[in-house]
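Me: I'd like to go through this one with you and ask where the labels come from. Can you show it to me before we start?

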Amino acid sequence: MSSLARIILQRLGLGLLTLFAVSLIIAFVVELLPGDITQAMLGQSATPETVAAFRKEIGLDRPAHIRYFEWLGGIFTGDLGQSLASKRDISEFVGTRLSNTLFLGGLAAAFAVPLALLLGLLAALYRNSIFDRIVNLTTLTSISFPEFFVAYILILFLSVKAGIFPGISNVSTNLAFGDQLFRTILPALTLTLVVLAHMLRMTRAAIINLLSSPYIEMAHLKGTRAFRVIVYHALPNAWGPIVNVIALNLAYLVVGVVVVEVVFVYPGLGQLLVDSVAKRDLPVVQACAIIFAAVYILLNLLADIVSIVSNPRLLHPR
Amino acid sequence: MLKLLWTAPLSAKVGVLAILAYAFVALFAPLLAPYGETAIVGSSYELWSDKFVFGTDNIGRDMLTRLIYGARNTIGIAFLTVAIAFFVGGTLGMLAAILGGAYDMLIGRLVDILMAIPSLVFALLLLTVFGTSIPSLVLIIALLDSTRVFRIARSAAMNVVVMEFVEAARLRGEGMGWIIRKEVLPNITAPLLAEFGLRFCFVFLFIAALSFLGLGIQPPLADWGSMVRETATLINYNDITPLLPAIAIAGLTVAVNFVVDWMLHLSSGLRSDSH
């Protein structure tokens, strides 16, 4: 087996192992509660009979390891259990929620990635110029903004004052694609602004790091033109760090989506998660958590693999 | 220190001034606020006037008063959380660097797994189980954040532990507490201090986001994140009142980031970045 395939398989195995450990934590977090989740949910005034009935209903009367394996087996067969609040099967409604969230995240990535790469590259090339200083100051500022601040500013200017986009993104599956896109623009724009600054700063740092290496200086010294240095000398080595930056930020985006979905009342997985936490609907929270964690781990794994594959020195460790 | 500050760039000076202003407001909130923290003094959503500078909120409490008390609650809770995270994560990190071996492996793997779960999702899961009270909020976020501190403290301490003076202290027979406090800690204070600023920003925004979602600091306590949530509908009537607490949050994080940026620049010295 080639060393490349072996490394990728190794990382995949490690990722699966992490996911397994995470699923253990998510499943057993309930056991951390002193007393019992039923007590906490039903309140102090609940009679022992109702507590016992409720425990039986959600299956808490059986041993923990059996419950865990049933839950894990259920995930693989697409059965995520039943919601405590609505008594519906979680897999019934979680699918459309997930696809809505992925649509929003994908749209935001489609805006943010090209923009961040372009601006980051420019800031690195013209570093310490006025342009670079402005970029540095604005990104530092916008990193510090809470997501809901960006969201409400966009609502105020683009929705309330200018009336271009709707301030509430009530998408549903029976909408035409164009209509759905139109209603998703504002949340996607918010996410873009939130993630852009991070991505831009990391791209800039990665490229500056590269441009200071001796072989680039050599290329400059032998009289190669700046454009040629970038395209033929710097870029082949820059792809690794750049893709790494993208994957890391997409992972960040997956989580950043939660607050933005609540602001825009966007029917995604994040909103479902927040609603379920407020209702203390544990099975739904666990299902959402494992999905979010899986996507997050997958994207981080991707970043890891890409940075190894694109770097010969990591590919052939001594 | 003051002399050093004099040579700082403008952004860092502005940052320090802003942080001092926030600290002043937080400390002297009862003297500065025109009304009581939870007092209902008017009807709901009153407009800006001489009596209520920024109007009133959804149940008729004075916005300015709530903003001033919010400084105390929001900053205080975030600061406490980061302090706990640094105490736990920093101690464990330095221990891992000094002891090495099985202990280092064990804690390291545990931290890896905890960090594999997105922290917002993990926090929401834990809040579902433990409920949304301030002690559980502080402890949960401190636990999640201490993993990041652990990594920084461990890698910074790694470089110090191999020095001769630590070896000498060990051979002298000094205890673990002495080595941590007198040998390792003074040598990793600078990177830890910059990290403290960054972690504070992160935790501050994190708590604000949770409060905004209605899962963080609970009413009737004044808090900037929940204030945005409570007055959010006003934005649809072209009223910028909900943005005020958000601006207060953004202002502090921007200020801290400016100062941290300068500190990082100082500690990194004159790298290739500067020519």
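What follows is a short back-and-forth about the terms used for this predicted model.

Reply: Some ground rules. It's a predicted model, where local features need pLDDT of at least 70, side-chain atom pairs count only at pLDDT 80 or more, and totals for chains, interfaces and linings use all residues. Residues are numbered from 1 along each chain as its sequence is written, and chains are lettered from A and ligands numbered from 1 in the order in which they are written.

Me: Why is Ile308(A) called buried?

Reply: A residue is buried if 20 or more other C-beta atoms lie within 10 Å of its own, exposed if 12 or fewer, and partly exposed in between, with C-beta atoms placed from the backbone. Ile308(A) has 20 C-beta neighbours inside 10 Å, so it counts as buried. The residue belongs to helix α12 of chain A, residues 282–309. Its C-alpha is separated by 9.0 Å from that of Leu4(A), 304 residues apart along the chain.

Me: What makes the elements of chain B helices?

Reply: Helices are DSSP runs of H or I with at least four residues, strands are runs of E with at least two, and both are numbered from the N terminus. By that rule chain B has twelve helices and zero strands. As for burial, 45% of the 275 residues in chain B are buried.

Me: How many residues does each chain bring to the contact between them?

Reply: Two residues are in contact if their C-beta atoms, placed from the backbone, lie within 7 Å. Chain B brings 39 residues and chain A brings 45. On the chain B side, α6(B) gives the most, with nine residues.

Me: What makes up that side by class?

Reply: Ala, Val, Leu, Ile, Met, Phe, Trp, Tyr, Cys and Pro count as nonpolar, Asp, Glu, Lys and Arg as charged, and the others, Gly among them, as polar. The side of chain B that touches chain A has 28 nonpolar, nine polar and two charged residues.

Me: Where do the domains of chain A begin and end?

Reply: Domain bounds come from an automatic or database domain assignment. For chain A, that assignment gives domain 1 as 3–76 and domain 2 as 91–315. Their C-alpha centres lie 31 Å apart.

Me: Which residue counts describe the contact between these two domains?

Reply: In chain A, 15 residues of domain 1 are in contact with 14 residues of domain 2. On the domain 1 side, α1(A) gives the most, with eleven residues.
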